[in-house]
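Work through the exercises below with the structure in view. Each task is followed by a solution in steps.

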Amino acid sequence: MTKPSWDEYFMSLAVVIRSRADCLRRRVGAIIVKDLRIMATGYNGTPHNIADCSKGGCVRCQKRHKGELKSGEKEESCVCIHAEQNVIIQAAYLGLSTKGSTLFSTANPCSSCAKMLINAGITRVVCKMEHHDHEGIELLKKAGVKVDIK
């Protein structure tokens, strides 16, 4: 039996975390790791105490799912939180510093999430290319964050 590499191991956990997401379009899971230890996890969806997307919690997601809105339209009206945002929030909620940590995500971060990751002190991002916004990857690289696409 062969043990998975650390990157394979943590990415497989991000895939499991993704299963909690309730997005009607794309499910994303993320995990922050520091010194090979799990600090926090996150997935995309509505905030606490707001109904899940599939239960009508986000009107924009419902309209997008029905084809009433195109990709990128009225993004500001979406109440959902991206997995990368959620994992940073969870680390903060627990009082954990993310400085010098690695983020594993089942999708590449959008440009908004990339800005948050940079300012949260994330020094490495390991992700899969799934999101339409590739600007986030370029922003991370420009800021000196190591990016590995798996």
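**Exercise 1.** In this predicted model, find how many residues lie between β1 and β2 in their hairpin, and give the phi of Asp35 in the turn.

Solution. Step 1: β1 and β2 make up a hairpin, and two residues lie between the strands. Step 2: Asp35 sits in that turn, where its phi is positive, about 55°.

**Exercise 2.** Determine in which sense β1 and β2 run, and by how many bridges they are joined.

Solution. Step 1: locate strand β2 at residues 37–43 and β1 at residues 29–34. Step 2: these strands run antiparallel, and six bridges join them. Step 3: as an example of facing residues, Ala30 is opposite Gly42 in β2.

**Exercise 3.** Describe how β1 pairs with β3, and state whether β1 is mostly covered or uncovered.

Solution. Step 1: strand β3 spans residues 102–105 and pairs with β1 in the antiparallel sense, over four bridges. Step 2: Val33 has Thr102 in β3 as its bridge partner. Step 3: β1 is mostly covered, with five of its six residues buried.

**Exercise 4.** Classify the aromatic pair formed by Trp6 and Tyr9, and place both residues in the fold.

Solution. Step 1: the number of aromatic pairs is four. Step 2: in the pair of Trp6 and Tyr9, the distance is 5.8 Å centre to centre and the planes are 80° apart. Step 3: an angle over 60 degrees counts as edge-to-face, and the pair of Trp6 and Tyr9 is edge-to-face. Step 4: both residues belong to helix α1 (residues 6–18) and are three residues apart, about one turn of the helix. Step 5: Trp6 is partly exposed at 48% relative accessibility, and Tyr9 is partly exposed at 34%.

**Exercise 5.** Explain why the pair of Trp6 and Phe10 is classified as it is, and say whether Phe10 is buried or exposed.

Solution. Step 1: the ring centres of Trp6 and Phe10 are 5.7 Å apart. Step 2: their planes are at 20°, so the pair is stacked, because planes under 30 degrees apart count as stacked. Step 3: Trp6 and Phe10 are four residues apart in helix α1, which puts about one helical turn between them. Step 4: Phe10 has 2% relative accessibility and therefore counts as buried, the cut-off being under 20%.

**Exercise 6.** Which residues form one aromatic cluster?

Solution. The cluster consists of Trp6, Tyr9, Phe10 and Phe104.

Technical notes
Residues are numbered from 1 along each chain as its sequence is written. This is a predicted model: local features need pLDDT of at least 70, side-chain atom pairs count only at pLDDT 80 or more; totals for chains, interfaces and linings use all residues. Side-chain values use heavy atoms; hydrogens and water are left out. Rings of Phe, Tyr and Trp (its six-membered ring) pair if their centres lie within 6.5 Å; planes under 30 degrees apart count as stacked, over 60 as edge-to-face and the rest as tilted. Buried means under 20% relative accessible area, exposed over 50%, partly exposed in between (1.4 Å probe, protein chains only). Two strands pair if DSSP finds at least two bridges between them.
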